[in-house]
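Ready to get to know a binding site? Grab a pencil and work through a few short exercises.

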Amino acid sequence: MELFSDFTMTIDGKAVDSNNPLPVINPADEAVFAQAPDCSQAQLDDAVTAAKEAFPGWSQTPIEERRACLNNFAQAVEDNSDALAKLLSTEQGKSLDGAKLEFTLAINMLRKATTLEIPTTLAEDTEEYIVETHHVPIGVAGAIVPWNYPVLLMMFKLPYAVLAGNTIIIKPSPHTPLTTLKLGEIGRNFFPPGVFNVISGGDDIGPWMTSHPGIDKISFTGSTQTGKRVMQSASSTLKRITLELGGNDAAIILPDVDIKAMIEGIFWQAFDNSGQVCIASKRMYIHEDIYDDVANALVEYAKLIKVGNAAEADSVLGPVNNKAQYERVLDLIADSKANGYTFLAGEEPMQGPGYFIPITLIDNPPKDSRIIQEEQFGPVLPLIKFKDIDQVIEQVNDCDYGLAGTIWTQDDNKAVDIAKRLQTGTVFINKLMYVCPFASFSGHKQSGLGTECGVEGLLEYTNSQTFVRAKLTN
Ligand code: NAD
């Protein structure tokens with residue numbers, strides 16, 4: 001398989017090119033390094049037709065066979081993962097180690113999701129009748145994926161949808177289509193034609209998918225703003241939807257924390273993938289007793305981390321993935337400067353081509369500042385001094401988002417008490433972000449609708465069907 005060229009879509013098990021190329025940029029040097037196909041509306045129709053035609057056969061295929069297809073695919077992805085990680089790192093910007101880690105997490109998700117069982121619920125069982133609820137596949141699923149973790153987030157969708165008996169059309173972000181296209185190419189060897197389709201192109205395709213009468217379910221991961229458009233558009237055909245959206249996750253650092261032991265975790269929870277993680281800490285509340293020590297430790301730790309082109313072996317953090325996001329993060333930094341906030345690190349921009357932003361720490365900005373109120377999705381972190389935990393919980397919850405949060409403390413019981421008061425779908429306690437394939441992952445409030453992962457995530461790719469059966473006496 002050619003890795004850095006010959007990018008084709010996968011429709012009905014076949015390679016499909018397009019007359020319109022979609023240029024893909026390496027965010028480390030802003031140069032176009034590859035072309036992906038830009039899917040036409042007619043090609044989307046072809047993908048939907050193929051997925052629709054494949055659905056009856058696939059949904060009736062025994063689950064053990066569906067599982068085997070997914071496992072064989074997982075093995076082939078793993079066999080190619082080191083080579084594919086290089087491609088991922090070039091289109092996304094993350095370091096090669098970061099890209100390899102993404103593959104490890106994605107393969108873990110794929111394999112473990114594949115072990116799940118679709119439950120049947122026995123609702124009532126009397127002498128005269130029995131009532132039981134089954135879960136049947138929905139039909140054609142459309143999966144729309146963002147650019148921060150293209151491979152991992154695709155695996156939040158693919159195995160659950162396909163194991164449940166649906167066929168799927170996957171659409172990566174226009175900023176990171178390439179690795180997903182190669183995964184589609186690998187998939188041609190393992191799934192019957194039409195079961196696993198991958199298309200690529202510009203931002204037009206998303207709305208075509210969400211309004212397409214042949215697509216029965218949309219699983220969308222992206223910003224809250226776009227998620228609202230998806231919901232609106234999907235309503236015309238009453239599609240089932242799952243929305244995994246933005247966040248403004250808080251980290252709460254209690255005064256008993258062992259700073260030396262935990263600073264590495266505290267740092268990476270915020271700056272992994274240059275802050276472009278939906279569940280990264282985006283505002284950090286630090287108790288006043290240890291505020292200066294934690295702030296200093298973060299500044300010192302940041303000095304050890306090289307921000308640079310993934311092609312340079314010692315680079316740990318890469319650029320922001322795309323120009324629009326780069327400008328958005330720079331705008332938040334400019335706003336913080338204009339308002340006279342103190343920078344503990346990263347005030348000066350980085351030189352040269354590429355969407356690089358230094359690790360930036362802002363010292364105790366006011367609580368109504370944009371850098372606290374908005375999702376930055378980049379390597380900029382406001383540190384906020386607090387005294388009273390009740391007030392902090394109130395401030396953390398006073399937010400339209402509710403994706404995740406993190407608590408750092410030596411006192412596990414206290415952490416659980418605080419966790420129960422946070423209005424978020426996930427709470428990490430002294431643990432770096434990890435999304436478990438067996439646990440439901442969801443956003444509260446405007447961070448999402450529905451659930452991915454776990455049995456709950458699997459069931460989002462099904463309709464329930466209840467049988468009410470009389471017990472015949474003879
Ligand atoms: P985005 O909303 O701009 O785009 C996401 C995807 O939607 C892309 O594939 C894009 O092409 C497509 N799209 C664009 N317009 C569309 C439309 N009108 N209808 C349908 N699809 C459309 O988001 P992004 O900038 O790619 O990603 C960053 C955002 O994603 C951040 O807000 C981040 O918090 C969020 N995110 C959330 C999760 C989660 O699990 N909750 C995970 C990762 C990222």
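Here come three exercises on the ligand and its surroundings, all based on a predicted model.

**Exercise 1.** Find where the ligand sits and which domains give residues to its shell.

*Solution.* Start with the location: look in the largest pocket, and there's the ligand. Next, check the domains: domain 1 (9-245 + 447-467) and domain 2 (250-429) each give at least three residues to the shell. Finally, go down to elements: helix H7 (205-211), strand S10 (217-221) and helix H8 (224-234) are the ones giving two or more residues to that shell.

**Exercise 2.** Sort the residues around the ligand by type.

*Solution.* The ligand has 28 residues around it. Split them up and you get 15 nonpolar, 9 polar and 4 charged. Those that come nearest are Asp203, Ser223, Thr226, Leu245 and Glu375.

**Exercise 3.** Track down polar partners for oxygen atoms of the ligand, then work out how much of the ligand is covered.

*Solution.* Try side chains to begin with: an N or O atom of Ser223 lies 2.7 Å from a ligand oxygen, and for Thr226 the distance is 2.7 Å too. Now the backbone: a polar atom of Gly222 is 3.3 Å from a ligand oxygen. As for cover, the ligand alone has 850 Å² of accessible area, and the protein covers 90% of that.

Note on methods:
Residues are numbered from 1 along each chain as its sequence is written. This is a predicted model: local features need pLDDT of at least 70, side-chain atom pairs count only at pLDDT 80 or more; totals for chains, interfaces and linings use all residues. Side-chain values use heavy atoms; hydrogens and water are left out. A residue is near a molecule or strand if one of its heavy atoms lies within 4 Å of it. A polar contact is a pair of N or O atoms within 3.5 Å; within protein, one must be able to donate a hydrogen and the other to accept it, and residues adjacent in sequence count only if both atoms are side-chain atoms. Accessible areas come from the Shrake-Rupley method with a 1.4 Å probe; for residues, only the protein chains shown count as cover. On a 1 Å grid over the protein atoms alone, a cavity is a set of points where a 1.4 Å probe fits but cannot get out, and a pocket is an open set with protein on both sides within 12 Å along at least five of seven lines; lining residues have an atom within 4 Å of a point. A molecule sits in a cavity or pocket if more than half of its atoms lie within 2 Å of its grid points. Helices (H or I, at least four residues) and strands (E, at least two) are DSSP runs, numbered from the N terminus. Ala, Val, Leu, Ile, Met, Phe, Trp, Tyr, Cys and Pro count as nonpolar, Asp, Glu, Lys and Arg as charged, and the others, Gly among them, as polar. Domain bounds come from an automatic or database domain assignment.
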